[in-house]
Amino acid sequence: MKMTMIEKLIAAKVGHTVKPGDIVTVGADRVMLDDIMMPFIAAKFEEMGFQEVWDPEKVVIICDHLVPASQVDDIRAYKLSNEFAAKYGIPNLHKSDGICHQLMTEAGYVKPGDLVFGTDSHTTTYGCVGAFSTGIGYTEMAAVLGTGEIWLRVPETIRIEINGKLPANVMSKDVILRIIGDLTAAGATYRALEFTGDTVEAMSLSSRMTMANMGIEAGAKCALFAPDEKTAEYLGIELTAAERALAGDADAPCARVLRYCAEDFVPVMALPSNVDHVAAICDLEPVAIDQVFLGSCTNGRLEDLMAAAEILKGKHIAPFVKLIVTPASRKIWEEAEANGTLAILSAAGAMITHPSCGLCCGRTGGILSDGERVVATNNRNFLGRMGSSKVEIYLASPKSAAASALTGRLTEATC
């Protein structure tokens with residue numbers, strides 16, 4: 001029987017074959033709770049009458065959205081995260097170590113074939129290592145914390161095949177934005193995206209993370225990459241035969257198949273204020289910008305910072321433009337400092353912040369006001385996400401963001 005990757009992954013967990021539409025009850029291998037949802041999770045957990053967490057070792061609490069506090073009420077989330085971890089014996093508590101979706105793979109909490117649930121929509125990120133990962137609400141999370149289980153409907157699959165070599169000025173952010181533009185914001189609703197092809201195989205884990213992270217922007221339940229030697233190296237593990245066998249069968253039935261030639265991709269931007277409103281930068285008017293944001297769980301990794309630094313080295317950003325750089329984790333910050341990347345960015349005029357969600361969630365780190373325009377490397381450009389509802393947010397790759405910072409207007413990366 002030919003099976004897609006999501007069907008193989010869920011079948012391995014429930015012990016029998018499954019097909020799209022089947023309802024199954026599964027156990028969680030890992031759950032992630034972020035600070036912004038902790039007050040609601042804790043209240044609902046106790047309201048349900050649970051006395052203990054089903055398996056404290058499988059729970060990870062990460063303070064990333066609201067640190068350092070920018071509003072008085074933010075302090076409550078930080079305190080409740082500490083109190084909940086202490087009360088229920090949860091050892092995995094991170095305070096400002098980085099963004100949750102970076103830490104979950106970076107710290108080795110997720111491995112191929114895992115079923116992972118988190119209280120953030122971009123939990124789809126962990127599909128980069130071959131895990132089924134998806135976001136759930138705080139009521140669902142409270143129930144999972146008490147029982148260790150959740151029910152799922154097996155998703156249909158959209159297979160995305162990409163072959164060839166990407167142009168030098170194109171990054172995986174350009175690829176996933178183009179795909180979202182083609183699918184539309186609702187085009188993959190409750191479906192699994194399965195990425196295949198030699199272009200995908202050539203991508204780094206960081207590039208795969210960018211694409212898996214943004215799968216939710218087309219409505220996907222999860223976004224999957226078959227585990228390979230790059231996965232094993234990143235996680236510091238040896239892949240088992242079962243993990244290697246997770247790759248979907250090439251001729252498995254799918255709801256839809258999209259095929260792309262890598263050479264056809266060009267630098268793009270998602271225009272205000274919808275992620276699927278995508279256009280080639282070369283077709284845009286070079287309108288002036290006020291700010292550039294390099295960071296987030298989408299593009300705050302070392303390769304992203306280095307790509308921007310390559311364009312900015314020996315140059316300086318345009319007058320009156322603010323460039324805010326937010327590494328995705330403390331480890332990335334340290335690596336970027338050690339190899340000189342942060343020095344290059346700083347010399348170019350960047351303001352470098354602590355690792356956090358920061359500007360992406362509009363809480364701290366450079367919010368904007370009426371009439372301002374920002375080029376950002378994060379995953380959403382919705383109205384009001386970075387301050388005023390009259391801010392225009394353009395989403396782009398780190399290379400195009402850096403190029404725009406240099407010129408002070410919407411600019412395509414040329415290298």
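Reader: How many helices and strands does the secondary structure of the protein come to?
Author: Happy to start there. This is a predicted model, in which local features need pLDDT of at least 70, side-chain atom pairs count only at pLDDT 80 or more, and totals for chains, interfaces and linings use all residues. Residues are numbered from 1 along each chain as its sequence is written, and side-chain values use heavy atoms, with hydrogens and water left out. Taking helices as DSSP runs of H or I with at least four residues and strands as runs of E with at least two, numbered from the N terminus, the protein comes to 15 helices and 18 strands.

Reader: What is the radius of gyration of the protein?
Author: The globule rule (2.2 Å times the number of residues to the power 0.38, with the radius taken over C-alpha atoms) gives 22 Å for 415 residues. The protein comes close to that, so it is as compact as a globular protein of that length, with a radius of gyration of 21 Å.

Reader: What percentage of the residues in the protein is buried?
Author: Buried means under 20% relative accessible area, exposed over 50%, and partly exposed in between, with a 1.4 Å probe and protein chains only. Among the 415 residues, the buried share is 56%.

Reader: Which helix gives the largest share of the largest nonpolar core?
Author: A nonpolar core is a set of buried Ala, Val, Leu, Ile, Met, Phe, Trp, Tyr and Cys residues joined through side-chain atoms within 4.5 Å. The largest one has 56 residues, and those touching the most other members include Met-104, Ile-179 and Leu-193. Six residues, the largest share of this core, come from residues 172–183, helix α6.

Reader: Which glycine is in contact with Leu-193, leaving aside its neighbours within four places in sequence?
Author: Contact here means heavy atoms within 4.5 Å. The partners of Leu-193 beyond those neighbours include Ile-158, Leu-183 and Cys-222, and the glycine among them is Gly-215.

Reader: Which residue does a cis peptide bond join to Val-67?
Author: Look in the loop between β3 (59–63) and α3 (74–87), where Pro-68 is found. Omega is about -10° at this cis bond, and the partner of Val-67 is Pro-68.

Reader: Is Phe-320 buried or exposed?
Author: Phe-320 sits in the loop between α12 (302–312) and β15 (322–326). Its phi is positive, about 70°, although it is not a glycine. With a relative accessible area of 82%, Phe-320 is exposed.
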